[in-house]
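Reader: I am new to this structure and would like a close look at a single part of it. Please choose one strand, describe its surroundings, and then place it within the rest of the chain.

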Amino acid sequence: MAEDTAEPNSSLYYMDSIKCRLDCPEIPTLVKLYRPLIVRCLKVEDVVHYLDGVINTREREKIIQREDKKGSTIAMEDLLHTIEDSSHGEKWTKFVNIVERKGYEYVAKALRGEEVNSDVFKKYTRLLEPHKMNLVERLNPEDLLVTLETQKRVITTTDREQIKAEMKNKGPMAGTIVLLDRIWRRFENWYRAFLDVLCQKEYKYLVEEIDDEFAEEWDKKIQEGNHPEDINQQCSVDAQGQFQNFITPVQCVSDNDEYNLGSSLNINSLVSSGCSRTIKPISVSDDNLDEQVKNAEEITGEDVEETTEKEVEITKTKENHANETESNNVYPCKSVEDTTQGYVYCVESTSIEDKEVILDTFEERRYQNELAEPAKRGQNCLIIAPTGSGKTIVAVKIIQHHLQVKTRPKIKKIAFVVDKNNLAKQQHDAIQRFVDCRLKVISGDTMREEEFTDLSALLTQYDVFVITAQMLVNAMHKRDVSIESFTLLIFDECHHCHGGHSFYKTMIPYHDKKHGHLEDQIDLPQIVGCTASIGVGKAKNVDQTVEHVKVMMANLDADVLVSVQRNRQELAEKMNTPEQSIVKIQTRKTDEFGTRIKILMTKTEECLKEAADEMDDKYAANPPTTKGNEQYTQWLQDVLLKAVAKVHDPTLSRSLYTARNYLKIYNEGLILYSYARATDCLNAIIENFEELPKPAKTATKVEQHLKSLFENEIENLKVCTTDKRKSEENPLLLKLKEIIVDTYHNESDMRGIVFVRTRPLADILASWMNETDDLKHIKAKKCTGAQAQRTDGGMTKVKQKETIDLFRKGDFKLIFATTIAEEGLDIKECNLVVRYDYAGNPISQIQAKGRGRAENSRFYILASEDKSVAEREWTNSLKEPMMEDAMLIVQQEIATNNERFQLQKQELQRLAKRQREAAAQNKGVREVPDGQYVLRCLKCKEYMCLSGELRKLGSNYACIGQDFKDHVFCKKSEQVKYDGKNLKVGIGKVGCKECREKIGVVALYKEILFPVLQIKSLKIEDDMKRGDNVKKWKTVEERYFKVPPISLVDMEKISEAERLIDMD
């Protein structure tokens, strides 16, 4: 397809208006007529994700990749071509519906056959675009965005967020460029609305340059006392200070209460009074509106439109919090008018408020009070309660009590620490419902959306922070705050508090203070942890599980292990525990497709065996006996790759790399095939082959042979994907379909979550369901994490939230989710949870099962008979009672001999402190893909090691590969470069065994000898044999790969294995 990068001219440009019917016979002609407008106006990302059934997953991903590489206009052309080729009967109707729903007003009107004035495009090309540079240099988008979005409604919330993000990253000029790119795309009235706002915001001189007729019209209507634009019915104040054209008054109320506006209510007091925390709109009838607005004399003499952009002063009506300033403070409150609904909202920050609020009351549950009791007494505690029992409510009760009771001389500051961004808002909303406090969410998401302020500056303004653990760790690392800045820390899902997790890193300063000077212990905060399951770690029996529980309590410095004891009957009555079933699924009985893929792999393996004599490790060419599994993946990664990297002959090395890549693609395809359809597997294989790097030189004989093998087989594979006699349907999918259909039959308003291993599989299964006749009416969507790129199956935060909200409302009945939904996702209607053929640990099983909140909910574990999933999940089920027995033993020990328990806890904490320096600190390290970088001796090109075998010892870079000593010699040296407490560098010399060139020195760390490498003596080589040599390791990490610090796990493996080097 030829790429045309020129700006497209719409057919509308040459006409005053155009009118066609969408259901006319010439639909392709209609699309062709509007095509330049469509590709110019629509953003492909707004449309492509909603065309399930019209385009398939592979087509969607290719369009997304096209957008990333070539831009939205070219990607939209590709999308239109793909829709044209689709056999879907309602493809264009569905396309137009999506265009309309995503806010492209006049494009949808044109495609529906309604009349469209061509000015929507002409005004941009003739008037606005020629003044683009002038606008970019002189506009500040911040002045316009709120009015353009909330009053004029010519940009969307997404547009505003993208503009603000661009401003934050690159400044106002960049933001203006994005604004001008968005402003004309969606709404017919955009031009007059935009110029109107420019005039309002004192940019009238720019309007005069763009459109002097509009500027004259504005002046004329201002002189006549009329607002130039009637569409928004702006509020204004007359000469006597009275409101005119005031659409709707405002009152701020709680989530549970709505108030009607009484006839005697004075608008002055209404607008000038303090807003409560959560806001609901109030409708006003036309009958009493005029009477109400006459009493607004107290409000400012300013135009109400200006008031919407400024802070309205609200005086505290309630006594300040204990031990804080006694003076009356002023808090900002911004009102935003929604003219389409006839409402005015008070949009205020919960940050700096301290006024009378209307709160929800707790449903009285005795077991929740029992769980909260020790924390209310001020004890550090670990609370364990089943998923769905209301652990968040318990935490909120503890927060409320902590703020109300005056037990400490310090000002109360609470950190509610969560693991993931998506949980922060959820916990914030729970606290906001019940507790009168100044509340702030701090997460990666909120900090990207707002101007970041140091946490220390926010401490005086807020009482409670719902904060992600990593944000708190970062703030303490920068010394922005300290652990003593808080009086209470609550850890949500505290089972993560171990190893290198950010929960544990948060507690490290606490432990350092506790085991430091006595005076440092005085100001330590109270610690509370909450979880559904503490897990068993690596324990195999109850005694080992008891030790695991004690370690977790030591990590949280918990004095009490809390679970429901006195009120078990009430807990059982309130809980909806899903019925659990582990369903073992047989493999396909007829499987010609899988057999043909395995034959291709066997023929590819023969190329390796023919070259085995050229490899140092001849056994590396012997693959595992079974294919399409993790064992084969490990062989490709750990054995074959290393053997190929050591081959000296460039042609042979290249051929072997190609063979390995083919095997990798086939193996990944077979793994996918075990979960999905044959067509999904074949599409993935073809796509992965297309993405392989094209050789710069003529292909080798081996490469030509491997390519022809697949090309000769592809037609047979395609037949297998459609002929059920050759390859039957996946039994896993058939069972999943049966479960979904049965659940929907029993409850049409069902909600279901299917947990899968990977992001691509979530996408593929969602497409499968939407393409299956018996299931497509139920509607499904994927829900994956936001850390990955879209091309790798990730979702943006906006899409993730939108999907969960639509699922909650019932627009989608089922979601295919990765672990993002295992913790914290609370959908009370969810009555079906399926774990799709993978095993986790006991905690993840409990968390997944707990997503089933509805009465009579079911939890299925679908397990292929050839993967041992059923056995592993059955073992996980048995570990839950083992954990409960261990908890009971620890609780009894604390009750009968608390002094002994406290001594054990302190010893565990001291042991952890001694090990901390060697603990894994993998912050910000990215994995080296496929270990593709090889390090060779710069002089003779002798193989030394792979990049994945490097570790940092402080600022030194050492190799921990077990076969490194086979390529080097080491001699003692008297010139020690560095002599520290735990590390000595330079006690020996490391040289290449082949050419005798020095490539590094020997270091002694923790009584172990390490070879430390000097990068200037080494060549860095990728899997295409492209090499480089740099002078500093810093350049390596900036340009090629990151090297992680040595971890405790590394040290244990090295201690158990042979010596890394032999020194003469």
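Author: Helices here are DSSP runs of H or I with at least four residues, strands are runs of E with at least two, and both are numbered from the N terminus. Counted in this way, the chain has 39 helices and 32 strands. The model is a predicted one. The part chosen is strand β21, which spans residues 858-864.

Of the seven residues in β21, six are buried, so the strand is mostly covered. Buried is used for residues with under 20% relative accessible area.

Two strands pair with β21. One of them is β16, residues 579-585, which runs parallel to β21 and is joined to it by seven bridges. Within this pairing, Lys584 has Ala863 of β21 as its bridge partner. The other is β20, residues 832-836, which also runs parallel to β21, with five bridges between them. Here Tyr836 stands opposite Leu862 of β21.

The link with β20 also involves a helix. Together, β20, helix α35 (residues 842-849) and β21 form a β-α-β unit, and the unit is right-handed. As for side chains, those of a regular strand alternate between the two faces of the sheet.

Two residues from helices also reach β21. The first is Val869, which lies in helix α36, residues 869-896. Val869 counts as buried because its relative accessibility is 3%. Leaving aside neighbours within four places in sequence, Val869 is in contact with Leu862, Ala863 and Ser864, and also with Asp837, Tyr838 and Ala839. Between Val869 and Asp837 the C-alpha distance is 6.6 Å, although they are 32 residues apart along the chain.

The second is Lys735, in helix α32, residues 731-746. With a relative accessibility of 22%, Lys735 counts as partly exposed. Apart from residues up to four places away in sequence, Lys735 touches Val583, Ile585 and Leu862. Lys735 and Leu862 are 127 residues apart in sequence, and their C-alpha atoms are 8.2 Å apart in space. Leu862 therefore appears three times in this account: opposite Tyr836, in contact with Val869, and touched by Lys735.

Now for the rest of the chain. Buried residues make up 53% of its 1064 residues. Among contacts between residues at least 6 apart in sequence, 71% join residues at least 24 apart. The exposed area of the chain is about 50000 Å², and carbon and sulfur atoms supply 46% of it.

Helices elsewhere in the chain can be set beside this strand. In helix α12, residues 190-200, 10 of the 11 residues are buried, so α12 is largely enclosed by the rest of the structure. Among these buried residues are Trp190, Tyr191, Phe194 and Cys199. After α12 comes Glu202, which has a positive phi, near 65°.

Helix α39, residues 1048-1056, has Asp1050, Met1051 and Ile1054 buried. These three are on the same side of α39 because they cover an arc of only 100° around the axis. An α-helix has 3.6 residues a turn, so residues three or four places apart point the same way. Lys1053 and Glu1056, on the other side of α39, are exposed. The cover over the buried residues of α39 includes β24 (950-953), β29 (998-1005) and β30 (1008-1013).

There is also an open sheet of four strands with antiparallel pairing, in the order β23-β22-β31-β32. Its edge strands, β23 (943-946) and β32 (1027-1028), each pair on one side only. Inside this sheet, β22 (residues 934-937) and β31 (residues 1018-1021) are joined by four bridges in the antiparallel sense. Val934 stands opposite Glu1021 of β31.

Last, the confidence of the prediction. The chain has a mean pLDDT of 77, and 78% of its residues reach 70 or more. By element, the lowest mean pLDDT, 31, belongs to helix α15 (residues 267-272), and the highest, 95, to strand β9 (residues 381-384). The pLDDT is below 50 over residues 1-25, a stretch with 56 contacts in the model beyond near neighbours in sequence. Residues 919-929 also stay under 50, and the model gives them 24 contacts beyond four places in sequence. Where pLDDT is low, the predicted coordinates should not be read in detail.

Terms used: Residues are numbered from 1 along each chain as its sequence is written. This is a predicted model: local features need pLDDT of at least 70, side-chain atom pairs count only at pLDDT 80 or more; totals for chains, interfaces and linings use all residues. Side-chain values use heavy atoms; hydrogens and water are left out. Buried means under 20% relative accessible area, exposed over 50%, partly exposed in between (1.4 Å probe, protein chains only). Two strands pair if DSSP finds at least two bridges between them. A crossover is right-handed if, with the strands pointing away from the viewer, the path from the first strand over the helix to the second runs clockwise. Contact means heavy atoms within 4.5 Å. Accessible areas come from the Shrake-Rupley method with a 1.4 Å probe; for residues, only the protein chains shown count as cover. pLDDT is the predictor's confidence in each residue, from 0 to 100. The arc is that of the directions from the helix axis to the C-beta atoms.
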